[in-house]
Amino acid sequence: MAASSLLRSSPFFSSPQQRNPRTINKSPRFITIKATISSSDKSVDTTPVIKSHRRPADENIRQEAHRRCSTEPNNFSAKYVPFNADPGCTESYSLDEIVYRSRSGGLLDVQHDMEALKEFDGNYWKNLFDGRIGKTNWPYGSGVWSKKEWVLPEIDSDDIVSAFEGNSNMFWAERYGKQHLGMNDLWVKHCGISHTGSFKDLGMTVLVSQVNRLRKMNRPVVGVGCASTGDTSAALSAYCASAGIPSIVFLPANKISMAQLVQPIANGAFVLSLDTDFDGCMQLVREVTSELPIYLANSLNSLRIEGQKTAAIEILQQFDWEVPDWVIVPGGNLGNIYAFYKGFQMCKELGLVDRIPRLVCAQAANANPLYLHYKSGWTDFSPVKAKTTFASAIQIGDPVSIDRAVYALQNSNGIVEEATEEELMDAMAQADSTGMFICPHTGVALTALDKLRNSGVIRPTDRTVVVSTAHGLKFTQSKIDYHSKAIPEMACSLANPPVNVKADFGSVMDVLKKYLLSKESKN
Ligand SMILES: Cc1ncc(COP(=O)(O)O)c(C=O)c1O
Ligand SMILES: N[C@@H](CCOP(=O)(O)O)C(=O)O
């Protein structure tokens, strides 16, 4: 069938209200107070006006979605295949199988039935996705599930575990771009302004939803486990708690922030604090999940990538489907850089855009195995022993998704950059001083931008998106250390410590006059 006629006849093109006759002509049923002012006595009429919901009162949004879902035809499907396999490879697995690795021990990828998706043209998908933004329809109000057909097309909406994640803010970094880099089209995609404060929510809603489905199918999944530098464990424990599924998290002792540690504790996860680093935790969780009925939630599990890739689609959507020139992503275990590539590439293949942006992966110099690999001309990959970094969530020396990252960068004309501790902390402080409140990992990405601007690779007018991966509030200790100049061998040149002043008028006036004069001399 031609795409245009499918477009007209498709149940997906119409809004849910149009599709469902039971929902037509019903106004929302909630009580408001009608306030009318009559011309004579200006009295207020407080008669309650009863409005009605679109759905029957005894039905919640999940049940409504289930009813709708079961009547909608769905020709889309997806399966696991070996990552970057030869075209002739026939190995594949249903998403309902519990499998993380291919027969040869390589990574897996979720492969969508692209032919079925191509039955619809680019405009169809743009209209569909745009029409779902900012709604509360289950599950499409989520930035991830608004792209359900491209994520987990076969899951029943009733099985989805969502916090309406995604749809995150794209911040025009006007002052930072202009003053610091001479740029006028610099944007920060705030993926950390999210349910648990990092981009991990995007992948975790998908993984935990699939686990929910598997448990309903009586598959042997007693709990879900991950190794974490803090953000994956926070997201896993929140989504599992929301669905009533046990979660088990393997954390490197004393290597994650207090704010991150308290998240799984508060969400009721079983928290193991281990005397090793992230790579040690990752090794252990892989061994444990192959022995016990605990489902592995790290990004080794390719389901996570399906959710995370929606951030790329969202960026295009936020630019009205115009492609930015550069997207800069901080990298650790390296699932996310591939997720961005996959999201952009799907939009190109399905006709929503005609090119993809150049990708930059930014690493901390203290944990830089990808950077070293890139600098070697992609010849040798050797894991490193990651050293302590303020960008603690990317303190990873043996990334599980190294092959995915190399593929993404090679196919996007990509670049890898690194940031020293001083560079990343100064970049974070600089950005904060222009009204952001970013995490150190975003400081790593901004340092990469700074270097590529200075070398002229990124031009002043290039539309550039820096991906901010976590909320700055998770990393306040690093900011406290910086602003109190308490970091050995770091100048902390942008520190802005509070001034201790005697509580009397004269003393306060003295410091204020000095402050105002210093500001005047700078203007
Ligand atoms: C805040 C933050 N930024 C960046 C990353 C890097 O993402 P990835 O491991 O997918 O490379 C992580 C986790 O690793 C993270 O928690
Ligand atoms: N930064 C991550 C590290 C693990 O990454 P994952 O994407 O493989 O789960 C974290 O927050 O734990």
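Which atom of ligand 1 lies 2.8 Å from a backbone N or O atom of N336? In this predicted model, in which local features need pLDDT of at least 70, side-chain atom pairs count only at pLDDT 80 or more, and totals for chains, interfaces and linings use all residues, the partner of N336 is an oxygen atom of the ligand. Residues are numbered from 1 along each chain as its sequence is written, chains are lettered from A and ligands numbered from 1 in the order in which they are written, and side-chain values use heavy atoms, with hydrogens and water left out.

Two further backbone contacts involve oxygen atoms of ligand 1. A polar backbone atom of L334 is 2.8 Å from one such atom, and a backbone N or O atom of G335 is found at 3.2 Å. On its own, ligand 1 has 380 Å² of accessible area (Shrake-Rupley method, 1.4 Å probe), and the protein covers 98% of this area. The shell around the ligand comprises 15 residues, of which D231, G332, N333, L334 and T469 come nearest; a residue is near if one of its heavy atoms lies within 4 Å. Six residues of the shell are nonpolar, seven polar and two charged.

According to an unreviewed UniProt entry, residues 162-469 carry the annotation "domain: Tryptophan synthase beta chain-like PALP"; such annotations may be inferred rather than shown by experiment. This stretch is 44% helix and 16% strand, with its end C-alpha atoms 19 Å apart; helices (H or I, at least four residues) and strands (E, at least two) are DSSP runs, numbered from the N terminus.

Two loops show backbone features. Between α5 (122-132) and α6 (148-151) lies P139, joined to W138 by a cis peptide bond with omega of about -5 degrees. N218, in the loop between α8 (200-216) and β8 (223-227), has a positive phi of about 60 degrees although it is not a glycine.

Note on methods. Polar contact = N/O pair within 3.5 Å; in protein donor to acceptor, adjacent residues only side chain to side chain. Nonpolar A, V, L, I, M, F, W, Y, C, P; charged D, E, K, R; others polar.
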